[in-house]
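Colleague: Got a minute? I'd like to go through this model with you, one helix pair and a few strands at a time.

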Amino acid sequence: MSMISFSPRAQEIAAGGQSCLFANKVRHESEAYPRALLSANFLCSGAGIILLLLTLVQFAQAGGPRYIAGISYFNQGTAGTPLTWAQGAVTYYTDQGSLSLTVSGPQGDALVADAFSQWTSISTAALSVTHAGQLAEDVSGANVYRNSDGSITMPADIMPTATGTPVGIVYDVDGTVTDALLGQGAGDASECFGNAVFGGLDNFGIDAHYLHALVVLNGNCVAQLPDPDVEYRLVRVLGQVLGLGWSQMNLNVQTRMPPPTADDYVGFTIMHAVDSPSCVPISLCYSNGGQVNPYQPKMDDQAALSRLYPGPTFSAGTARIHGKIYFANTSGQPGQGMQGVNVVARWIDPNTNQPSGAYAAASVSGFLFAGNVGSTATGFNDSTGQPFNRYGSNDPMLEGFFDLAGLQIPKGANSARYQLTVEAVDPFWSATAGPYQPWQVLPSGSSPPITVNVTLGGDVPQDIVMQGSAAQKPDWFGPTTYGTPAQLPIAGDWAASLDPYGGLDYFWFSGQANRTLSVLVTALDGFSAPSEGKAQPVIGMWQLSDPGTFPAPANTPSAFNSALFGTTVLNAQLLESTSFRVGIADIRGDGRPDYRYHARLLYGDHVTPTRASVGGATALAIAGFGFQANTGITIGSGNAQPMAVSANQILVTASAKADGVQDIALTDPPTLASSVLSGVVTYGAGPNDIVRLIAGSNPATPVRGQAPNPIRVQVVAPDGITPVAGASVFFTATPPVAFTACSGGGSCTVLTDQSGQTSTLVSVLTAGTITITALLAPASYTTPQQVQTTLLGTESALDLSLLSPYVWIAQGATLNLTLTARVLSNGVPIDGRTVNYYLDKGSATLNPPSATTNANGYASSSLQLSSLSGDVQVSVCVEPGDAPCKTFYGTAVPASSLRLQAVSGDLQLITVGPPFQPTTVRVTDASTPPDPVLGVSVLFQSLLGRTNNDAPIVSGGDTTITRNPLPVILGMSQESVTSDANGLASMQPSTGGFTGALAILGTVTAGPGSLPFQLQSLWPMN
């Protein structure tokens, strides 16, 4: 299962000068109708608002007809049929009240009749409109009002279900009805540009016929009649009531590019989608100085209405051009149909041989086809729960189809020439025209003007293949389905296309719980540049085992929801470690050859190693998908500078942080896409790590003497085996002692080495029982784990203390070992006392055999060993009388028992400039716990070189970051170092005088054991 957080990009619906969508509940003023039936949407469109039942979509579906029957809801066989009023008969009822405070009801009736007559006077359309009487009431704010729960109360005979009054005309005398339907203040006179007349279709039957419509005239916008602006808006709304959608014809009348001619005004469709707010009065923009009636249907409008309601003279008295817009395939032949192209036919004046703007009509290709059927990512139903595919056909023959029936031949001629051109549906002026509304798609390719000869009654087929259009090409990963996704590209970055129609791309990858990720998809145009005029990419994500949950459990409800142009981003959280499916689709379920996209999955999967030292400088490798050079890295609350980045891996050096579990966050600066690896790296000690006392038992020790055995602790992971390096251990004692690890101080924090160990010698400061405590990361945990041991401090008139009386020495070693004793009296050093050294066992030389204490009570002798073959023991005694005496023990360790432990510096990644840190190992014997071995010859061998393009070579834990060899060998070296009494051997890596980015691969050998070390310097990333 996945969870999603997203920032949806607001999608405004620009229609008829309005951009708004209201959802309300409607109920009869005297009866609570079932809410499921009466829930409605109010959509701003044209000059106002349309009241729709759940069975209607929010958007018109075509560039000619307003609605097209789809494959669901409607009767079988009606798919692809434009919705109309049955038999072209429309009956309307008007309000009983006045139109406004100054205009009576009968005057309003005359206005409505005249507006209807603009459409019924079209001779080629078989349309009858009848004023059948009045509504049962004066509709006003007294019976139309908004309730406290947001529902709206209104009279029964203007409800969508009032099929007995098919078209209700409401006179909102004071704007209160408008306020109730559109929101408080919408009925004010200042809002007349958008709300003078509003309404539209709100019910239809399964036989693809309209059943009801509602139109509201705002009385605050009608001071007197005639009012050309009000009638203009009324004619447009009534055009929608009759079943017309928005059209794009002579758009230059609005854009002024190029400047419109007189003919352009004559042919400018009244059913254009939006009006500019500067068009007040409307004649200012559309009348050409009073030469053209703005609200009279033009040839484009006449042809569109006649196609819906063809009269007896329509076919014989006009000409038709129809066809299909195609993508060109790789051979230049017709490929897939291309929706959303505005096809324009203009009469060619025989006198000028120029196309005319007066005799012109347009049709948007694919207007009968389904423009939006939804997708598996975002679902197949709209916000009301109704299927998208209830509008538009799924017949491939209609994809790209256009119909220009109703072309007039002027001047009484029987034949003419028409010029066919193609153009984009303008995303601003015509956003709600055509099947792609409100997200218009730019055409792919182009077509030169085509001249077509037509005759009255003639029907000319004319297909158009777009030259230079995108051609269908198979994607590199082959076809995919929901059930058979392709494996995600290893780089997590790829380009492909959503092609053909209905094409979705699916990919799978394995992910881990407690991770977040971002999927970024950028729509591309034909030049591979980001675009918002092609595909509208949306993203869905499922578990791979999900049999099919639609919409996806994690999805982007809209396209282009990021700040980056043309880019959609899905942010999802992974709750389980399993395989996941990512789906990329066009939000409409569309697919075509020009729907190119570039996708990237930004996902951090795991980090190696999973432990970092509290002291910092730990090289970490973050593995995943979709990394880039500018990917930001945060560990905990601090930024981390990457050392090297590839698409799948980021190398970073961890900075110092307190013990505890940290998140790693990866961010994409332009989009703020991110991936968070929660709790993925533990600095030092984790909350469940274990601290153990390895050694710490000591005999009674005189005050100011050093206890013979070190206090040694080890920190291990919860498995009790894996050592934890870089963990904080706090040493303290009660009463205080002097810790060598604290430079003689009474308490301090030290870090464990790579074997998880840390140790300290203890000097007693007071007599009595001393409790020594080692706490694990007390600064990070309120109840830290701890281990304790006790030490008895004693004092007498004459005491002897040996420093490090137990030493393990490599068999065969030749070396000098200093034996140091301290003579004390009740904790006070004795100066000038003779100390004798006697060899009790083994072969060695003592030089000198006797020594005198200094002012601090110390006396020393050198034990000279040559090719040590066995154990040695030395008695150390104080004069006079050789009492007291203590024994020094030297244990010979054969080579076969030697073991190596990494201590520090075996894995280093630095920037060019500073030197590498020493590489240190510890040599021990095979006992439990192991003892450090002195005198072992430790061999450090290494190769110095460079990698191609400074590719990283270092490895971390059990996962290799990369396996790049050293193609350029600059040198090799070896160095033998003898381990000290703590078993430690260190080597300072050398670059041999070479500069720049270098790599050192080496091996440490002692006895039968060996350990690798890998060091690299990289140029800083810009």
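Below we talk through confidence, then helix packing, then strand pairing.

Modeller: Ground rules: this is a predicted model, where local features need pLDDT of at least 70, side-chain atom pairs count only at pLDDT 80 or more, and totals for chains, interfaces and linings use all residues. Residues are numbered from 1 along each chain as its sequence is written, and side-chain values use heavy atoms, with hydrogens and water left out.

Colleague: What is the mean pLDDT of the chain?

Modeller: pLDDT is the predictor's confidence in each residue, from 0 to 100. Here 92% of the residues reach 70 or more. Over residues 1-60, though, the pLDDT is below 50, and the same goes for residues 955-963. The chain mean is 91.

Colleague: Are H2 and H5 parallel, perpendicular or oblique to each other?

Modeller: Helices (H or I, at least four residues) and strands (E, at least two) are DSSP runs, numbered from the N terminus. Helix H2 (residues 105-120) and helix H5 (residues 228-241) have axes 9 Å apart, at an angle of about 55°; axes are lines fitted to C-alpha atoms, for helices over the stretch in contact, and angles run from 0 to 180 degrees between N-to-C directions. Under 35 degrees counts as roughly parallel, over 145 as roughly antiparallel, 65 to 115 as roughly perpendicular and the rest as oblique. So H2 and H5 are oblique.

Colleague: How many residues in the contact of H2 with H5 are nonpolar?

Modeller: Contact means heavy atoms within 4.5 Å, and the residues involved include Leu-111, Phe-116 and Trp-119 in H2 and Val-230, Leu-234 and Leu-238 in H5. Ala, Val, Leu, Ile, Met, Phe, Trp, Tyr, Cys and Pro count as nonpolar, Asp, Glu, Lys and Arg as charged, and the others, Gly among them, as polar. Two are polar and two charged, and the nonpolar ones number nine.

Colleague: Which strands stand at the edges of the open sheet of E40, E42 and E46?

Modeller: Two strands pair if DSSP finds at least two bridges between them. The order is E40-E42-E46, with antiparallel pairing. Each edge strand has a single partner strand, so one side is left without a neighbour in the sheet: these are E40 (690-695) and E46 (757-760).

Colleague: What is the bridge partner of Gln-714 in E46?

Modeller: Strand E42 (residues 711-716) and E46 pair in the antiparallel sense over four bridges. Opposite Gln-714, the partner is Gln-757.

Colleague: Which residue in E48 stands opposite Val-729?

Modeller: E43 pairs with strand E48 (residues 768-776) in the antiparallel sense, over six bridges. Facing Val-729 in E48 is Leu-776.
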